[in-house]
Amino acid sequence: MLEVSKIDVYYGEFQALFGVDVRISERECVVTVGPNGAGKTTLLKAICGLLSPRTGEIRFEGRSIVGLPAHRIAELGISLVPEGGRVFPQLSVFENLKIGSYVERARRGFRQAVEEIYELFPRLKEREKQVADTLSGGERQMLAIARSLMSRPKLILLDEPSSGLAPMVVSMLFDFVADIRRQGYAILMVEQNARKALQLCDRAYLLESGRVRLEGDRESFSAEEHIRKAYLGI
Amino acid sequence: MGILLLNALVNGILLGGVLAILAFGMNLIFGVVKVIHMAYGQCVMLGMYVIYTLTSIYHVPFLLSCVVAVGVMAVWGGLLQILVIKPLLKAERLNQLLALAGLIIVFENLAHVVWGADLRGIEIQLPVLSLGNVFIKTPSLLAFLGSLIVLLVLYLFLYRTYPGLAIRAIAQDVECAQLMGINPGGIYLLTLVIGGALTGVIAAFFSPIYSVHPHFGGSFTLMAFIIVVLGGMGNLLGGFIAAFIIGIVTSVSAVLTSLEIAEISALVIFILVVLLRPQGLMGVRVSK
């Protein structure tokens, strides 16, 4: 479904990614772990068009998406949930969901989609009219994920969904991600919390200093000596 | 004196309605595109010349001239976005400000060349209404009512439609808005077209009240800017309330003292707000 091949990404003169290869198939949940500054967020930004790779190729459903502006890539069905649940602070919860369905193919079923979201996240229905700024960190993250679902995406990119949240909220959040996964969405998640993220995924990548160090399916990846020591603490 | 004050108060409120649209346009452009349209009042001036030319020289009916002027000014706003603002989006703040301030000189001299320095007004006779001791000029009343309708339409547009929602979203977080599939370039153009159409609407409301000359716009750009700062930059409701405050203050102080003092009093309020409440009366302080 998504094939990232040998991309180099720069911030000005600083190179953040070196020949990174990542692929995701339909209905697959892929996790990328790695330390701070390894280029995990950069990878997501390059896929969704907020950054443009200097070299390399990104193909989505067979067509090249390198160089397309971010809003065009969103229309194709790739939806990024930014770190920290960047919801629109002065829009109400309902309006945040509505803007999630801005892309043409999602507008028609907007009403029904909102109802489905409210069933999945009853908390959001309770706070429907509140501006998003007044939500707690966990609620904001859930709203951000719900907003992404509203666009009927084919591939969801999750950037550090658990960052800054209390442990109990993190567990709830991963339960939601597991729910979404069962519904058949393809997911690429970048996460510091390697233990929880790895339980959820089909395959994983390790990104260190802008390079892919390791890749594999869940069992073999989690069994690697380096992963066990540095990321799982066992 | 009491009757005079009452009349001034009513006139201030009526003027406040039109000022509210003026400030709304400038505020919308600032909130979305993050540039200050320094030549906004000058666009109103150009719109008034369009109406003057059509009605007085080509004898087009007044209402039709107004509709044409709104269209012309909408296109004018769009051209401004494409030719001036878009190339400067990534430029330094100061350079953007200088370029837009430069437009004041361009527009005013354009008016000089095309229409000359004389006062140009259209001839429309409308009755003066009287309510007891309060006298109301019909054009002022129509402008006020028209302004409220325009503001209501703008409110419905911003709060009930997808493009309106996209405008509000992009004002809050451009990057995130792109992730929703919103094209910033398209929304910026739409914003300038709406802002331009509003200068045409204001020109239509002003034409039966004032005669136009090449420097007509200056005081209105200043007034719009004062209102926008007073209400809090980017805060549309704050701007609405501030428009009435400024409308009342200028028209009441004009009666109490003189026209010059009226403008000074608006500026004094402006300076006090910048000193004491830089975030505006209803603005939210942004910490860095």
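This passage looks at a strand of chain A and its neighbours, then turns to the contact between chains A and B. The model is a predicted one.

Start with strand β7 of chain A, which spans residues 155-159. Here 5 of the 5 residues are buried, so the strand is largely enclosed by the rest of the structure. In a regular strand, side chains alternate between the two faces of the sheet. In β7(A), both faces turn out to be covered. One side carries A:Leu155, A:Leu157 and A:Asp159, the other A:Ile156 and A:Leu158, and all of these are buried.

As for its partners, β7(A) pairs in the parallel sense with strand β6 of chain A (residues 78-81) over 4 bridges. It also pairs with strand β8 of chain A (residues 186-190), again in the parallel sense, this time over 5 bridges. A:Leu158 is a handy residue to follow across these pairings: A:Val81 stands opposite A:Leu158, and in β8(A) the bridge partner of A:Leu158 is A:Met189. Helix α8 of chain A (residues 167-182) joins β7(A) and β8(A) in a β-α-β unit, and that unit is right-handed.

Now for the contact between the chains. Chain A puts in 21 residues and chain B 15 residues. On the chain B side, α6 (162-172) and α7 (174-179) each supply at least two residues. The biggest giver there is α6(B), with 6 residues. By character, the side of chain B that touches chain A splits into 8 nonpolar, 4 polar and 3 charged residues.

Conventions: Residues are numbered from 1 along each chain as its sequence is written. Chains are lettered from A and ligands numbered from 1 in the order in which they are written. This is a predicted model: local features need pLDDT of at least 70, side-chain atom pairs count only at pLDDT 80 or more; totals for chains, interfaces and linings use all residues. Two residues are in contact if their C-beta atoms, placed from the backbone, lie within 7 Å. Ala, Val, Leu, Ile, Met, Phe, Trp, Tyr, Cys and Pro count as nonpolar, Asp, Glu, Lys and Arg as charged, and the others, Gly among them, as polar. A residue is buried if 20 or more other C-beta atoms lie within 10 Å of its own, exposed if 12 or fewer, and partly exposed in between; C-beta atoms are placed from the backbone. Two strands pair if DSSP finds at least two bridges between them. A crossover is right-handed if, with the strands pointing away from the viewer, the path from the first strand over the helix to the second runs clockwise.
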